[in-house]
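This report introduces one protein model to a reader who is new to it. Please look over the sequence and the structure shown here before going on to the sections that follow.

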Amino acid sequence: MTNMKPAATSTAKVYCPMCTHTVVATVELQPKHTHVKAGQKCPRCSGSLDAGYIMYLERAA
């Protein structure tokens, strides 16, 4: 699809499955889903955050 807009990004608290801590990471906001931006590393253990669970995302009211 050539008409897709780039996803908006925001910061959120993401659970790292390797070190079991919650860290700040960049997430991509899409209309139906929110995903952790691919290729990020945990600042504590250097593990991949691709499979991380988004714990807290602050949204505008």
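## Contacts of A25

Leaving aside residues up to four places away in sequence, A25 touches S10, T11, A12, V14, Q40 and L49. The model in which these contacts were computed is a predicted one.

## The nonpolar core

A25 also belongs to the largest nonpolar core, a set of 11 residues in which it is joined by A12, V14, C16, C19, V23, V27, V36, C42, L49 and L57. Strands β1 and β2 (22-29) each supply at least two residues of this core, and the largest share, three residues, comes from β2. In soluble globular proteins, nonpolar side chains tend to be buried together.

## The sheet

Four strands form an open sheet in the order β3-β2-β1-β4, and their pairing is antiparallel. Because β3 (34-36) and β4 (53-56) stand at the edges and each has a single partner strand, one side of each is left without a neighbour in the sheet. From one strand to the next, the twist averages 55°.

The pairing of β4 with strand β1 (residues 8-15) is antiparallel and runs over three bridges; on the β4 side, Y56 is the bridge partner of K13.

## The segment before β1

K5 lies in the segment that comes before β1, and this residue is exposed, with a relative accessible area of 74%. Although K5 and Q30 are 25 residues apart along the chain, their C-alpha atoms are separated by 9.7 Å.

Terms used:
Residues are numbered from 1 along each chain as its sequence is written. This is a predicted model: local features need pLDDT of at least 70, side-chain atom pairs count only at pLDDT 80 or more; totals for chains, interfaces and linings use all residues. Side-chain values use heavy atoms; hydrogens and water are left out. Two strands pair if DSSP finds at least two bridges between them. Axes are lines fitted to C-alpha atoms, for helices over the stretch in contact, and angles run from 0 to 180 degrees between N-to-C directions. Buried means under 20% relative accessible area, exposed over 50%, partly exposed in between (1.4 Å probe, protein chains only). A nonpolar core is a set of buried Ala, Val, Leu, Ile, Met, Phe, Trp, Tyr and Cys residues joined through side-chain atoms within 4.5 Å. Contact means heavy atoms within 4.5 Å.
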